[in-house]
Amino acid sequence: MARGKAKEGDGNWKKFIWNSEKKEFLGRTGGSWFKILLFYLIFYGCLAGIFIGTIQVMLFTISEFEPKYQDRVAPPGLTLIPQVLKTEISFSISDPQSYGQYVEGLNKFLKNYDSDQQASDMIFDTCADKPDDYIMRGAFNNAQGQKKVCRFKREWLENCSGIADSSYGYRDGKPCVVVKLNRVLGFKPKPPLNESLPAEVMGKYNQYVMPVHCSAKKEEDADKVGPVEYYGMAGYAGFPLQYYPYYGKLLQPKYLQPLLAVQFTNLTYDTEVRVECKLYGENIGYSDKDRFQGRFEVKFDIKSS
Amino acid sequence: MGKGAGREYSPAATTSENGGGKKKQKEKELDELKKEVNMDDHKLSLDEVSRRYQVDLSRGLTNTRAAEILAQDGPNALTPPPTTPEWVKFCRQLFGGFSILLWIGAILCFLAYSIQAVMEDEPANDNLYLGVVLAAVVIVTGCFSYYQEAKSSKIMDSFKNMVPQQALVIREGEKIQINAENVVVGDLVEVKGGDRVPADLRIISSHGCKVDNSSLTGESEPQTRSPEFTHENPLETRNICFFSTNCVEGTARGIVISTGDRTVMGRIASLASGLEVGRTPIAMEIEHFIQLITGVAVFLGLSFFILSLILGYTWLEAVIFLIGIIVANVPEGLLATVTVCLTLTAKRMARKNCLVKNLEAVETLGSTSTICSDKTGTLTQNRMTVAHMWFDNQIHEADTTEDQSGATFDKRSPTWAALARIAGLCNRAVFKPGQENVCISKRDTAGDASESALLKCIQLSCGSVKKMRDKNPKVTEIPFNSTNKYQLSIHEREDNPEGYMLVMKGAPERILDRCSTILAQGQELPLEEEMRDAFQNAYLELGGLGERVLGFCHLYLPQDKFPRGFKFDADEINFPTTNLCFVGLMSMIDPPRAAVPDAVGKCRSAGIKVIMVTGDHPITAKAIAKGVGIISEGNETVEDIAARLNIPVSQVNPREAKACVVHGSDLKDMSAEQLDEILKNHTEIVFARTSPQQKLIIVEGCQRQGGGLSAPSLPPPHPAPGPALPPPGVILPRQAADMILLDDNFASIVTGVEEGRLIFDNLKKSIAYTLTSNIPEITPFLLFIIINIPLPLGTVTILCIDLGTDMVPAISLAYEAAESDIMKRQPRNPKTDKLVNERLISMAYGQIGMIQALGGFFTYFVILAENGFLPSTLLGIRLDWDDRSKNDLEDSYGQEWTYEQRKVVEFTCHTAFFASIVVVQWADLIICKTRRNSVFQQGMKNKILIFGLLEETALAAFLSYCPGMGVALRMYPLKVTWWFCAFPYSLLIFVYDEVRKLILRRYPGGWVEKETYY
């Protein structure tokens, strides 16, 4: 009996898909299908029009030179090159393959900092060679055309520039990382007041530099990290202020953010070493949730063999 | 609700399958049961009975023997229908409907989490949380539904054990009172007036015993019970009393011949519960709807699962997408909403004396196309009342209304005083004591129905009958018997200390035959031919009204022949019983309830056919049917046409007569096809002289009608709407029935129909409202997968909508007033008028939902653009966006974002998308208030709905702004302007739908109606 019913069900299905008596496909005649499809075509057409219209209106209200809200992007993040999964730099000294991706990442990133990229005087401004105050370049619009950008010489990164050592120290087990402050339009980082700073940072204090300091994440790892070398403009371990504020992609398409190379010259091998790099400044914030805001953590695991 | 006498409605259904052998067997049994009852105990002599049941007819059974039989046969109670165990019910709530989909979602979540846990050191806990939330949602909604169901069945249980029945049995020669449950076959039982018969009895002796078999046969006339075998048919013979009928007066002794389920009533009860096969219409609608939604969810989920695998996503990601699509597609809160809506209606109906046991039965009455109503008690007051009087050659109308608000007549005539005196004195009925505060017409009486009617009538118009009887003490009497058909009594005269008065009442023609004079305006006139004709006309007229007519006469006995102290002998009859003075006629009827004609009229305009089923005489039945409008004015039966045209009944074309009165004896010989023919061709049908078995046959016939016999090519009939009335007073089906009328009032059915139809409409609205938000919930996921934008709406926010903001507004639609007079349209056709049809889906998903989705996406794009990610940047950004190690993602302005920063923006977008859905759901709620009318016509009178609007807004604001939500639900505070992004779309929804409804009203039956009227 069940089979009989199933058969009947099949018949109904077939009839539903194509009812030859009434010339109905899926329960509708051709004319009916045409009408309903036409309706939906027009309806969705109108909706799409309205949607695009409202989006256009919204875009009108937004300046192309500066975003409306920046409360979510500031305080900026501190990031490192090479970019690695789970921020773990792990390689073996004897195996160039194992650090190939880091070298490549650095190469790719630093390409923009090559001097042949910074040739044009139309775009680039020769700023002071030592840290200096912010350079304001007018309002955030293109009334005066594009804004000029400060040059940043790759050579300043010295051992980590990749010019002398194309492996950025990885070959010798002394890995370099490049630290940068995330670009935030119009953001003027304020150097820290000198009270609360760690002694190491205080030592190289300059009022026009945003100091960065890398140290072991945990106290007990301190001896595993060994000495840390900083290569930046004029030997300062930080970001000079004359590169700020950033005027945005449209006004400064060739903007070069200041970099700081950090080299760990005597890391303990064959063990995990966790290092935290921290940027100090008055308007730099840290967050428990966001582990890249104003600081970052990187884990080294270098195999000696 | 009086004595708790309820009437049952089982939204029964025909069995559409003609199943296997077992089923057939059961059907055969049912068929046999439907035929008349088989028994021969009534034909046996007392000795044979005694031998058969091995019982001493004076001493009864021995206690040991009784205990043996009890152990063997089981207690004398009807077996309740098999109940499902509680845990099965609970599991059904837990795993039925959408729950199973959500369980799959939850399991997938746990699976995804465990995979992540194995593969990563620091797995994100999102999936674990989501899994827990989903499981919690299922369990909570399951518990909620279970609780609702348990609550309503508890109310029922309280009805079950209302009064433990007692029975007086004689065992070992001693009278003992025992629980009716312990009565066994062969027991010698004594019943007296007022008792309920504890089992089927063969009477062995009786004293003026009368029983009311109306619970079995529907006939309210008390019937005499005596040991004589008078009829072949056990239902008609006098020497059998049936279980659960009532003894009205007198006493009787009988031998129990069957107990429990083996009694006639027990067999009918099981027959009645056997009718209940199908599910309620609303249950089928909901199932159909769940299948539809589940189908869509599974289809979308699987196709996107495959699509995402093809697009190169990992298995894990594909599974997470699958979860998202399932969560977005299932309206989690909807079943709870439906339950609440039904509960609310059930409560409302309970207030109007319709107790609903099974929530889904709420709507059943609404889809009713035929109501088979029992006459006694439902259409009528179940109380014989004096309706008319004839005296002074004039018919006077008495007040038959329940509250004595009706017309009255001139009571000054001396004839009336005489008539009232006869009716009061020649009357053995008395009020039961202790009812001084009850209004007279509602007092309980001891005595037969007509005498009680007379008693009440006289008490009402002339004051205390008891005093009258005290002043005119009774000297002797001859009780009514069927041979002389009169009752007389002789009283001392109040107004003459020396004289006696003879009063007599009885069948009018017999009384008239004994009279030689007639009282007119207090004057005693000789009874002439002219007066006899007048009497005859009046008698015919009252009889034609279906009323029971009694004649009254009296005689002042001459003082010289009958001085005080005369010994009247009722056996020898040493006093005159002829040449009396005729006083008048009084006629009685069980009058219709006040609200019934109105209710029947409402049913008729609502397209519901009302069929009256009664055990009464056809003339009475017809009169009542005419009185309450079941046979409407101007409609004729075949017999009427025949009488009008003066032709034999056989020559009348039955098609011409819209009304018809079917006699039970005709029904017995009728085939099912003939019955169908009658049900189909007549709009106004009365079944008279029907037995309970026949009632069931009629109900089944009605159900066949609902199945649509006009289209024979269609598949077997769907369970037809048409709640049936199983025989009243049957205790068992009450437990099985889904709905009970607490006050036995037909008018309550109409309320039920009205509420049922309203809830069907309102459920449609509620579902349309809830389903609409599914589109803005699912489209984010689809676009996330297809065009690789950051996810605009997360699963948590989806749950917030489905289980948070959408709930109260959806429920508030249950309070919506009807748009038009719902009692003026035809009952819904269960085949074509579905709860959720393609037009509703087309409106909710295809049109309003799409506008809502655009509103949400607009807000989403606004927030991202204002934060630096212009729409053009967003396309294809997903891979980088969701890459945890990418902490310098560039936006349209060249700014760089860490993972967490952009996630905060993303979750802000989720919150804003959610808020936008709330905003567009405002408009949706307002447009869902009506299906055809403009909201300006309907008004905003639904306070709950306004509360719902405020509540969802407040909840959304709370979720967004409450501190800590960022951690708990990852919902972030919104800037004020972002709330307004969806406003244009909200307005668009409102305007679009108002325009649509305007076209709908302007061009009824047009394309817009065909495609969008749900």
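This briefing covers the interface, the nonpolar cores, selected residues and the backbone features of a two-chain structure. The model is predicted. Chain A and chain B bury about 4300 Å² between them. The largest nonpolar core has 227 residues, with members from chain A and chain B among those that touch the most others. Chain B has 1014 residues, and 58% of them count as buried.

**Interface between chain A and chain B**

- The contact draws 53 residues from chain A and 52 residues from chain B.
- Carbon and sulfur atoms give 57% of the buried area of about 4300 Å².
- Eight salt bridges are counted between the two chains.
- One salt bridge pairs the side chains of Lys180(A) and Glu896(B), at 3.1 Å from N to O.
- Polar contacts across the interface number 23 residue pairs, both residues at pLDDT 80 or more.
- On the side of chain A that touches chain B, α2 (30–60) and β8 (176–181) of chain A each supply at least two residues.
- Helix α2(A) gives the largest share of that side, 14 residues.
- By type, the residues on the side of chain A that touches chain B are 27 nonpolar, 11 polar and 15 charged.

**Nonpolar cores**

- In the largest core, the residues touching the most other members are Tyr170(A), Phe239(A), Phe264(A) and Phe746(B).
- Helix α29 (residues 838–866) of chain B contributes the largest share of this core, 17 residues.
- A second core is separate and has 33 residues, including Phe391(B), Phe409(B), Phe552(B) and Val583(B).
- Setting aside residues up to four places away in sequence, Tyr170(A) touches Pro82(A), Ile89(A), Phe91(A), Tyr99(A), Tyr102(A), Val103(A), Leu106(A), Pro175(A), Cys176(A) and Val177(A).

**Fold of chain B**

- Chain B contains 38 helices and 27 strands.
- Among contacts in chain B with a separation of 6 or more, 75% come from residues 24 or more positions apart.

**Glu276(A), a buried acidic residue**

- Glu276(A) sits in strand β13 (residues 272–279) of chain A.
- Its relative accessible area is 14%, so Glu276(A) is buried, the cut-off being under 20%.
- The side chain of Glu276(A) makes a polar contact of 3.4 Å with the side chain of Arg295(A).
- Arg295(A) is also one of the contacts of Glu276(A) beyond four places in sequence, together with Phe296(A) and Glu297(A).
- The other such contacts of Glu276(A) are His213(A), Cys214(A), Ser215(A), Ala216(A) and Lys217(A).

**Phe914(B), a buried helix residue**

- Phe914(B) belongs to helix α32 (residues 899–928) of chain B.
- Phe914(B) counts as buried because its relative accessible area is 0%.
- Beyond four places in sequence, Phe914(B) contacts Leu793(B), Thr797(B), Cys800(B), Ile801(B) and Thr805(B).
- Ala956(B), Leu959(B) and Met971(B) are also in contact with Phe914(B).
- Phe914(B) and Pro776(B) are 138 residues apart along the chain, yet their C-alpha atoms are separated by 9.2 Å.

**Cis peptide bonds in chain A**

- The bond from Ala74(A) to Pro75(A) is cis, with omega near -5 degrees.
- Pro75(A) is placed in the loop between α2 and β4 (78–81) of chain A. Helix α2(A) is also the element that gives 14 residues to the side of chain A that touches chain B.
- Tyr244(A) and Pro245(A) are joined by a cis peptide bond too, with omega about -5 degrees.
- Pro245(A) falls in the loop between β11 (238–240) and β12 (259–264) of chain A.

**Positive phi outside glycine**

- Asp270(A) has a positive phi, near 55 degrees, and is not a glycine.
- The loop between β12 and β13 of chain A holds Asp270(A).
- Asp270(A) counts as partly exposed because its relative accessibility is 48%.
- Asn579(B) is not a glycine either, and its phi is positive at about 55 degrees.
- Asn579(B) lies in the loop between β20 (548–557) and β21 (580–589) of chain B.
- With a relative accessible area of 52%, Asn579(B) is exposed, since the cut-off for exposed is over 50%.

Technical notes. Residues are numbered from 1 along each chain as its sequence is written. Chains are lettered from A and ligands numbered from 1 in the order in which they are written. This is a predicted model: local features need pLDDT of at least 70, side-chain atom pairs count only at pLDDT 80 or more; totals for chains, interfaces and linings use all residues. Side-chain values use heavy atoms; hydrogens and water are left out. Contact means heavy atoms within 4.5 Å. Buried area is the accessible area (1.4 Å probe) that two parts lose on being put together, summed over both. A salt bridge is a side-chain nitrogen of Lys or Arg within 4 Å of a carboxyl oxygen of Asp or Glu. A polar contact is a pair of N or O atoms within 3.5 Å; within protein, one must be able to donate a hydrogen and the other to accept it, and residues adjacent in sequence count only if both atoms are side-chain atoms. Helices (H or I, at least four residues) and strands (E, at least two) are DSSP runs, numbered from the N terminus. Ala, Val, Leu, Ile, Met, Phe, Trp, Tyr, Cys and Pro count as nonpolar, Asp, Glu, Lys and Arg as charged, and the others, Gly among them, as polar. A nonpolar core is a set of buried Ala, Val, Leu, Ile, Met, Phe, Trp, Tyr and Cys residues joined through side-chain atoms within 4.5 Å. Buried means under 20% relative accessible area, exposed over 50%, partly exposed in between (1.4 Å probe, protein chains only).
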